[in-house]
Amino acid sequence: MRANLRYGKNQRREDVKSHHYIISFDPRDGPDNGLTVDRAQALGEKFCAEHFPGHQALVCTHPDGHNHSGNIHVHIVINSLRIEEVPFLPYMDRPADTKAGCKHRCTDAALRYFKSEVMEMCHREGLYQIDLLNGSKNRVTDREYWAQKKGQAALDKQNAPMIADGITPRQTKFEANKEKLRQTIRAALSAATSFEDFSSLLLREGVAVKESRGRLSYLTPDRTKPITARKLGDDFDRAAVFAVLEQNAARAAEKPAAIPEYPRHGKTGIQPTKVPQTAPKQDGVQRLVDIEQKMAEGKGRGYERWATMHNLKQMAATLNVYQEYGFTSPEQLEAAVDTAYQEMRQTSGKLKTLETKLQGKKELQQQVLAYAKTKPARDGLKAQKSEKARAAYRQANESNFIIAEAAARYFKAHGITKLPARKALQAEIEQLISEKDGLYNTYHEQKQRFKELQTVKRNIDQILRREEPRRRKEQSHER
């Protein structure tokens with residue numbers, strides 16, 4: 001309130017007095033990556049200091065979401081008024097964005113920049129992440145979310161007397177209208193090979209699809225206004241729909257004729273192509289315990305009983321993984337371990353190259369922003385009429401000219417004769433961050449696969465070493 005009175009801002013009822021940002025972490029980050037409330041609070045405070053300098057701020061961390069999703073999240077609330085002059089940041093595009101007494105502007109460019117920085121922070125801290133810059137497959141709005149919650153609560157209340165009487169309700173899960181529409185569209189997409197087929201299949205369900213200006217919209221019987229694909233999610237826009245239709249058409253053309261004597265049972269329609277399995281769908285296998293060594297170290301009978309049971313479970317899990325991968329010999333497993341390691345190293349090399357390129361672009365962006373911030377001082381020097389006036393002006397604005405000369409040396413050292421546009425440079429950085437995000441997730445999957453195969457190999461080697469004395473004894477008896 002004192003800051004607002006000092007600068008004469010935020011005095012009217014309709015003025016935007018604060019901005020509220022939320023950084024929400026994956027629920028798995030707690031058990032898997034060691035994320036705690038204190039660590040999240042520290043990350044939130046650092047993010048706030050770096051990206052909202054000059055603003056009074058409140059940073060508060062909650063251990064759980066209001067819907068009990070189990071995700072730690074950080075609230076950042078800033079006074080819309082800036083009380084200190086700040087450096088020129090990448091999301092700023094006006095001189096007023098750096099001055100004290102001016103207000104923060106939440107633009108689309110600023111939101112994209114903040115999302116890219118959150119992705120970078122999660123990558124740097126070893127946390128789970130998604131591509132925040134390219135939308136989501138299913139886009140659920142707050143209105144749809146709360147409609148789902150209220151509908152489920154009403155359905156549970158309606159079913160409670162039936163459950164108490166031992167009667168199984170016909171419907172136990174409430175589905176919002178948009179979710180029903182998503183399922184209808186997905187079902188039509190799985191069987192259609194052209195847009196005409198797609199449209200006719202939807203019409204059978206009472207849904208009309210319309211294409212206008214390169215965008216799709218869907219009209220359900222209970223509505224007079226169609227629902228745009230953008231409100232349903234990226235999986236339902238024109239590009240995604242036509243990509244699936246092209247894949248379906250290609251698979252239909254390559255599909256061999258069915259053999260009448262052996263009809264295929266199961267679901268009809270075109271099914272998605274089964275991708276090669278990269279990891280078994282099971283809990284991770286753990287290493288066997290060397291019980292003899294542990295007992296020699298002084299472990300007791302209780303530990304021996306636990307280790308015996310543990311080894312039995314892990315031997316079964318090892319055999320399960322071995323069979324799921326389709327290995328037929330230890331040599332084949334060893335080759336798979338080597339291949340997984342090489343793939344992981346190759347992806348790691350690509351990731352490091354991309355990180356180096358991204359770091360170079362960010363460094364260039366900092367120099368471009370610093371040089372742009374000194375433009376008023378450089379223009380003021382040109383406006384001076386005499387050498388004495390220029391010397392006095394230069395001395396009065398010495399810090400600006402030091403920054404400008406340092407940036408000029410950087411440009412010359414890197415052979416940059418024409419400065420890139422700030423928006424184009426930011427877009428390039430965001431694209432690199434998206435590529436880095438996908439590559440990081442690929443590396444994480446490959447690393448998990450390598451570790452799993454390595455554990456399986458170690459367990460099998462240990463089992464074979466244990467069996468070796470018994471085999472030798474049997475062979476000696478046979479002789």
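**Group meeting: helix packing and selected residues in a predicted chain**

I will start with a single residue. Ala-42 counts as partly exposed, because its relative accessibility is 44%, and the range for that class lies between 20% and 50%. Ala-42 belongs to helix H3, residues 37-51. Its C-alpha atom is 9.4 Å from that of Thr-61, and the two residues are 19 apart along the chain.

Before going further, a word on what this is. The model is predicted. The chain has 479 residues, and 33% of them count as buried. It contains 16 helices and six strands. If we take the contacts with a separation of 6 or more, 63% of them are between residues 24 or more positions apart.

Now confidence. Mean pLDDT for the chain is 83, with 89% of residues at 70 or more. Among the elements, strand E2, residues 55-62, has the highest mean, at 96. The lowest mean belongs to helix H5, residues 142-164, at 80. Then there is a stretch to set aside: over residues 258-282, pLDDT stays under 50. The model does have 24 contacts beyond four places in sequence for that stretch. Where pLDDT is low, predicted coordinates should not be read in detail. I will leave that stretch there.

Next, three helix pairs, beginning with H6 and H7. H6 covers residues 177-191 and H7 covers residues 195-204. Their axes are 9 Å apart and the packing angle is about 140°. That angle makes H6 oblique to H7, because roughly antiparallel would require an angle over 145 degrees. The crossing of this pair is right-handed. On the H6 side the contact is made by Thr-184, Ile-185, Ala-188, Leu-189 and Ala-191, and on the H7 side by Phe-198, Leu-201 and Leu-202. Sorted by class, that gives seven nonpolar residues, one polar and no charged.

The second pair is H13, residues 375-382, and H15, residues 398-413. The axes here are 9 Å apart, at an angle of about 105°. H13 and H15 are therefore roughly perpendicular to each other. From H13, the residues in the contact are Ala-377, Arg-378 and Leu-381; from H15, they are Asn-400, Phe-401 and Ala-404. Four of the residues in this contact are nonpolar, one is polar and one is charged.

The third pair is H4, residues 108-124, with H12, residues 330-373. The angle is about 135° and the axes are 14 Å apart. That makes H4 oblique to H12. The crossing is left-handed. H4 contributes Glu-117, Glu-120 and His-123 to the contact, while H12 contributes Leu-351, Glu-355, Leu-358 and Lys-362. What is the make-up of the contact of H4 with H12 by class? Two residues are nonpolar, one is polar and four are charged.

His-123 of H4 comes up again with Asp-437. Asp-437 is in helix H16, residues 422-478. How far apart are the C-alpha atoms of Asp-437 and His-123? The separation is 7.7 Å, for two residues 314 apart along the chain. Is Asp-437 buried or exposed? Asp-437 has a relative accessible area of 5%, so it is buried. Apart from neighbours within four places in sequence, Asp-437 is in contact with Met-119, Gln-129, Ile-130 and Asp-131.

Two more residues to finish. His-310 sits in helix H11, residues 301-324. Because its relative accessible area is 12%, His-310 is buried. With neighbours within four places left aside, the contacts of His-310 are Gln-286, Arg-287 and Val-289.

The last one is a backbone point. Asn-10 is not a glycine, yet its phi is positive, at about 55°. Where is Asn-10? Asn-10 is in the loop between helix H1, residues 2-7, and strand E1, residues 18-24. Asn-10 counts as buried, because its relative accessibility is 7%.

To recap the packing: H6 is oblique to H7, H13 and H15 are roughly perpendicular, and H4 is oblique to H12. As for the single residues, Ala-42 is partly exposed, whereas Asp-437, His-310 and Asn-10 are buried.

Terms used:
Residues are numbered from 1 along each chain as its sequence is written. This is a predicted model: local features need pLDDT of at least 70, side-chain atom pairs count only at pLDDT 80 or more; totals for chains, interfaces and linings use all residues. Side-chain values use heavy atoms; hydrogens and water are left out. Axes are lines fitted to C-alpha atoms, for helices over the stretch in contact, and angles run from 0 to 180 degrees between N-to-C directions. Helices (H or I, at least four residues) and strands (E, at least two) are DSSP runs, numbered from the N terminus. Angles under 35 degrees count as roughly parallel, over 145 as roughly antiparallel, 65 to 115 as roughly perpendicular and the rest as oblique. A crossing is left-handed if the near helix is turned anticlockwise from the far one by less than a right angle, and right-handed if clockwise. Contact means heavy atoms within 4.5 Å. Ala, Val, Leu, Ile, Met, Phe, Trp, Tyr, Cys and Pro count as nonpolar, Asp, Glu, Lys and Arg as charged, and the others, Gly among them, as polar. pLDDT is the predictor's confidence in each residue, from 0 to 100. Buried means under 20% relative accessible area, exposed over 50%, partly exposed in between (1.4 Å probe, protein chains only).
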